[in-house]
Every structure is written in C-alpha cells, then in structure tokens.
Amino acid sequence: MQDMTAIASNVHQALSANPHFPGRHLKVEDSEGRVVLKGRVGSYFHKQMAQETVRRLDGVHEVENQLEVDWR
C-alpha cells in the first residue's frame, strides 16, 4: 500500500467528516498542492460539495474535479 501524502490524508478526512457528502471511496491524487478527485458520486450537488470541501483545505492550491455523477 502506498503512503498517502499529508494533503491527501487531510482530503480524505475532510470528505469523511462532511455531513453532505456520502461515504464513498474516492481516489485522491496530490502533487504539490494540486489535488485530483476521481470516483463516482450520486449527484452534481455531491460533486460540487466534494470540490468545495477540498478547496478550503490548507495546502491545496488547485482542485481538478474528475468525479463522475452516477444516477443509479
């Protein structure tokens, strides 16, 4: 298992603690403050909430939101 960067760890914690965000397994990639979110969420609202939650974290300078909305 690959070690998670401090920022990626903070991203996972923030998403888990957000009451608006469903507990889904997302892939988080971090490179020098640039965070890429990948995975699936149930609505565009959740996609936006995930992005806004991550954007506010210390050390995050850019968020690339590649989350897909899965209506199933």
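I started at the hairpin of E1 and E2, which has two residues between the strands. Glu32 caught my eye there, as it takes a positive phi near 50 degrees. Note to self: this is a predicted model.

Next I checked how the two strands run. E1 and E2 are antiparallel, and five bridges join them. For one facing pair, I noted Ser31 opposite Arg34 in E2.

Then I looked at the other partner of E2. Strand E3, residues 62-69, pairs with E2 over eight bridges, and this pairing is parallel. Here Gly39 stands opposite Leu67 in E3. I followed the chain from E2 through H2 to E3 and found a β-α-β crossover that is right-handed.

On to helix H1, residues 6-17. I tried the ruler check: at 1.5 Å a residue, its 12 residues should span 16 Å, and the end C-alpha atoms are 16 Å apart, so the two agree.

Which residues of H1 are buried? I listed Ile7, Ala8, Val11, Ala14 and Leu15. Looking down the axis of H1, I saw these buried residues fall within an arc of 125 degrees, so they line one face of the helix. Ala6, Gln13, Ser16 and Ala17 sit on the other side of H1, and they are exposed.

Last entry: what do the buried residues of H1 pack against? I wrote down strand E1 (27-31), strand E2 (34-41) and helix H2 (44-55). That brings me back to the hairpin strands, E1 and E2, where I began.

Terms used:
Residues numbered from 1 in each chain as written. Predicted model: local features only at pLDDT ≥ 70, side-chain atom pairs only at ≥ 80, totals over all residues. Heavy atoms only, no water. Helix = DSSP H or I, 4+ residues; strand = E, 2+ residues; numbered from the N terminus. Expected span 1.5 Å × (residues − 1). Buried < 20%, exposed > 50% of the residue type's maximum accessible area, 1.4 Å probe, protein only. Arc of directions from axis to C-beta. Contact = heavy atoms within 4.5 Å. Pairing = 2+ DSSP bridges. Right-handed = clockwise from strand over helix to strand, strands pointing away.
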